[in-house]
Amino acid sequence: MPDGDWEDFAFEGIGTQWEISTPVPLSAPVRTRLLERVERFDAEWSRFRSDSRVSALARRPGRYEFADEAQQLGALYRTLYGMTDGAMTPLIGASLERLGYDPGYSLKPSGSPLAAPAWDEVLDWSGTTITTTAPVVLDIGAAGKGLLVDLLAEELGAGGLEAFVIDASGDLLVRGPLPTEVALEHPYNPTQAIGIVPLDGQSLCASASNRRAWGDGLHHVLDGTTGQPVGTAVATWALADTAMLADALATALFFVPGDQLQEEFDFSWLTVFSDGSAAHSAAFEGTLFT
């Protein structure tokens, strides 16, 4: 985090640890609004709590109204669904549960891998309205944490904060005049770094198959067309203006090359493959260690 006497506000939300660093202490009302925003988001989008709107979708099909952020989230997912030929999909929840990443965290597969249903067969996502023709387990994990980072940044801005760093367990957003250097964690050794990236008014998000992993070859990045964990890439990083975009693209890099994604999105990227090789965008801001 930034050097100097910055203040940290740490809390737990959506199943992960958060830390917001600011040059002055956050007021009690701002802290309350941040925590309330996290709770509202969780109550809408979590597939791990039975009272969420997403869990209602899993129980019975129908028409459901979601919060305003659903519009940008759905549009992004639809674009990436097309660009990855269905491999990246918000309909991956049942596939994750089949392999053991279920609300009870059993971490034990209950059957063979399950392909996600085809979007147009079961799902109509129009703006903030989601309509389903069958029970579906929606999982927005590929972009959801980044989206919440952006929503909390809005709350901080509304509270008069112009400089801050939001760290959502490694998904980062930096605002303000102070550049921040971030180490890129080695995908096979979390005590080592493979490089550093300077962040100045951007977001950096990562995805790795060694995170949220269990069993032999089982992890949270699944190919929606097969339900199988992806095995080619092992770690990705994406830098973009918003955390939602960086978060989503870090996952998309497991399925399609970064230069292909750059035809649609303005971002920079790094991908490390299982054979130890790496690829990155021409404008990648980081420095990789040799």
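Q: What makes residues of helix 1 and helix 6 count as meeting?
A: Contact takes heavy atoms within 4.5 Å, and Val30, Arg33, Leu34, Arg37, Val38, Arg40 and Phe41 in helix 1 meet residues of helix 6 including Gly144, Leu147, Leu148 and Leu151. By class, that contact has 9 nonpolar, 1 polar and 5 charged residues. This is a predicted model, where local features need pLDDT of at least 70, side-chain atom pairs count only at pLDDT 80 or more, and totals for chains, interfaces and linings use all residues. Residues are numbered from 1 along each chain as its sequence is written, and side-chain values use heavy atoms, leaving out hydrogens and water.

Q: Why are helix 1 and helix 6 called roughly antiparallel?
A: The axes of helix 1 (residues 28–45) and helix 6 (residues 144–158) cross at roughly 150° and come within 10 Å. Angles over 145 degrees count as roughly antiparallel, so the label fits this pair.

Q: How do you know that strand 6 is largely enclosed by the rest of the structure?
A: Buried means under 20% relative accessible area (1.4 Å probe, protein chains only). In strand 6 (residues 164–168), 5 of the 5 residues are buried, so the strand is largely enclosed. Phe164, Ile166 and Ala168 point one way, Val165 and Asp167 the other.

Q: What makes strand 2 and strand 6 a pair?
A: Pairing takes at least two bridges found by DSSP, and strand 2 (residues 16–22) has 4 with strand 6, in the antiparallel sense. One of the bridge partnerships joins Ser21 to Val165 in strand 6.

Notes:
Axes fitted to C-alpha atoms, helices over the stretch in contact; angles between N-to-C directions. Helix = DSSP H or I, 4+ residues; strand = E, 2+ residues; numbered from the N terminus. Parallel < 35°, antiparallel > 145°, perpendicular 65-115°, else oblique. Nonpolar A, V, L, I, M, F, W, Y, C, P; charged D, E, K, R; others polar. Buried < 20%, exposed > 50% of the residue type's maximum accessible area, 1.4 Å probe, protein only.
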